Amino acid sequence: MSLSRRQLLKLGVQGSVVAGSVTAAPSIVLAESRRPSVVGGVMSGDPLADRVMLWSRADRPARMWIEWADNPAFRNATRLRGPDALPANGMATKLDVTRLENVDELHYRVRFASLDDRGAESEPVIGRCRMPPTTRRDVRFVWSGDTAGQGWGIDESRGGMSIYATMSGQQPDFFIHSGDTVYADGPLEETVALDDGSTWRNRLTPAKVKVAETLDEFRGQHAYNLLDDNLRRFNADVPMLAQWDDHETTNNWYPGEILEDERYSETQVSLLAARAKRAFLEFMPLRQMPSSPDRIYRRFPYGPGLEVFMLDMRSYRGRNTTNRQTSASDETEFLGQNQFDWLLASLRNSRATWKVIASDMPIGLVVSDGDNFEAIANAEGGEPAGREMQIARLLKAIRDEGIHNVVWLTADVHYTAAHHYSPERASFKEFEPFWEFVSGPLHAGTFGPGELDSTFGPEVVYQKAPPEGQSNLPPSAGYQFFGQVDLDGDSDDLTVTLMDTAGQALYSKTLSPRSATS
């Protein structure tokens, strides 16, 4: 009897099934093993009225494919070919999806197709992005910083990074990550004994048991955070505006620094920072401009009521010093002249009612670096000196040019606070009163409160920090914070609410806009 190849294969499979072999269908098992997988979920970011960045990552070399639609059923979906996930880019891919005019809510799904096995595709992963409005409507967003720091990684027995689930429950239009998106300088221990007698159990990966020095080790810091279910679900649902600070590289770093830390074999911080920035840009849904692909500062309008200005207070600063110079120099730079000019021009040209400056470091809080200073304030409280001089120039220009309704949002200090700045209380008086709201950490040790420098007249209106004498409290202690901002589309009132990891509102302030003529 003559049998065809198809019949032989069919008999072979059936025979294996009868025999109960685990190799019942070798061709099917082999095909499944060749399918790429999506690792780390999906993200959207840097949304504009007609475009948004979409991000994902594959487990092997593969081509990104995206389908998007303006409805969750994906009716009339558009299919786009994305870039290839390759070892050279950490297997991470992102695509600037354009021509999204009149799309209120973008629904997208990402697949990866094998580069060497025709037809082998991953299962799709679905995401959603509410697009910025062009007309008046309510807008809600959240902000915070500091993820997986001070030894507190992912403890799955405690629900992981649960604050991300809390923020997702607020249904924000977008999220500002205010820096320290990872802690590349903070290796994790497998267990940490807590004061209440219980044990914190960190999920570990090879990248998280030493400080990051190589490009792959920096990539591993970002990949670690994406192991958390809460964070992946949040990323799939809420577009992100990301900025960086110091811990993406190493604590309190500045360009040109030479490390004196025995944990590091590479001591040139500028080289470490270049690797860290590349990993940050690979793993964040941040739009890179061909003319300046490494630039992190940028702006995002959200209709006529709101515009967000994202700063980079790390890349252009001078070295950390006593911060008391009386004349401007390379040492007193903080934003860098190009970024300073961009920010002032952008504020001047903005037609939005509210101008929100997302600042990765606070203005008036004293942040020390040994005997030197890491942030803007110098703890002296007199006339502006050191880095304070550049901020004084900015605040004076904002006043002199009649730029109203400027609000500062920041993180970095690992507790939450509301500060009001006024020339009545200040040594430097040439500015209009303004608010600075502080939040964080998202999932890191809690510290504070900090000391305020009186140069710009800050006053603590509200703050919540660990009890006196306690520091580096774990996320399980409940001192994890984020801020929420609500813009009323009818009145243009802006309400800022400081919240904790349980979603409890701790403090709320409603600001009414000042008109250009008032």
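**Salt bridges, cores and cavities in the predicted model**

In the structure examined here, R299 counts as partly exposed, at 29% relative accessibility. The model is a predicted one. The partner of R299 in a salt bridge is E307, and the closest N and O atoms of the two are 2.7 Å apart. E307, with a relative accessible area of 5%, is buried. Since buried means under 20% relative accessible area and partly exposed begins above that class, this salt bridge joins a buried acidic residue, E307, to a partly exposed basic one, R299.

A search of the whole structure yields 38 salt bridges. One of them pairs R35 with E123, whose closest N and O atoms lie 2.9 Å apart. This pair connects distant parts of the chain, 88 residues apart: R35 belongs to the loop between helix 2 (26–33) and strand 1 (38–48), and E123 to the loop between strand 6 (105–114) and strand 7 (125–130). R35 is partly exposed, its relative accessible area being 22%, whereas E123 is exposed, at 54%. A further salt bridge is formed by the side chains of D400 and R399, at an N to O distance of 2.8 Å. Both of these residues count as partly exposed, D400 at 44% relative accessibility and R399 at 28%. Elsewhere, E67, R79, R109, R111 and E121 are joined into one network by salt bridges that share partners.

Nonpolar side chains tend to be buried together in soluble globular proteins. In the present model, the largest nonpolar core contains 42 residues, and those touching the most other members are Y164, M167, F175, F218, F234 and F280. Two or more residues of this core are given by each of helix 3 (163–169), helix 4, helix 5, strand 12 (240–242) and helix 6 (269–283). Helix 6 supplies the largest share, namely eight residues.

F280, which is found in helix 6, has a relative accessibility of 0% and therefore counts as buried. Leaving aside residues up to four places away in sequence, F280 touches T181, H222, A242, Q243, W244, E248, L286 and I296. Among these partners, A242 is 38 residues from F280 along the chain, and their C-alpha atoms are separated by 9.4 Å. For F218, with the same sequence neighbours excluded, the contacts are A184, A212, E213, E248, T249, L272, R275, A276 and A279. E248 thus appears among the contacts of both F218 and F280. A second core, separate from the one described above, comprises 38 residues, including Y297, A392, L395 and A397.

Helix 4 is largely enclosed by the rest of the structure, because nine of its eleven residues are buried. The buried residues are E217, F218, R219, G220, Q221, H222, A223, Y224 and N225. They pack against strand 2 (51–58), helix 5 and helix 6. One of them, H222, is also a contact of F280.

Two cavities of 30 Å³ or more are found in the whole structure. The largest cavity holds about 130 Å³ of space. Its lining consists of 15 residues, and T181, N225, L226, L231 and M284 lie nearest its centre. Strand 9 (174–177), helix 4 (215–225) and helix 5 (229–237) are the elements that give two or more residues to this lining. By class, the lining comprises nine nonpolar and six polar residues, with no charged residue. T181, one of the residues nearest the centre of this cavity, is likewise touched by F280, and N225, another of them, is one of the buried residues of helix 4.

The second largest cavity encloses about 40 Å³ of space. P133, T135, R136, R137, V139, Y302, G303, P304, G305, L487, G489 and D492 form its lining. These residues divide into five nonpolar, four polar and three charged. Charged residues are accordingly present in the lining of the second largest cavity but absent from that of the largest.

A buried loop position was also examined. S422 is placed in the loop between strand 19 (416–421) and strand 20 (434–438). With a relative accessible area of 4%, S422 is buried. Its contacts, not counting residues up to four places away in sequence, are F431, P433, F456 and G457.

How values were computed. Residues numbered from 1 in each chain as written. Predicted model: local features only at pLDDT ≥ 70, side-chain atom pairs only at ≥ 80, totals over all residues. Heavy atoms only, no water. 1 Å grid on protein atoms, 1.4 Å probe; cavity = no way out; pocket = protein on both sides within 12 Å on 5 of 7 lines; lining within 4 Å. Points joined across faces, edges and corners; volume = space filled by probe spheres on them. Helix = DSSP H or I, 4+ residues; strand = E, 2+ residues; numbered from the N terminus. Nonpolar A, V, L, I, M, F, W, Y, C, P; charged D, E, K, R; others polar. Core = buried A, V, L, I, M, F, W, Y, C linked by side-chain atoms within 4.5 Å. Buried < 20%, exposed > 50% of the residue type's maximum accessible area, 1.4 Å probe, protein only. Contact = heavy atoms within 4.5 Å. Salt bridge = Lys/Arg side-chain N within 4 Å of Asp/Glu carboxyl O.
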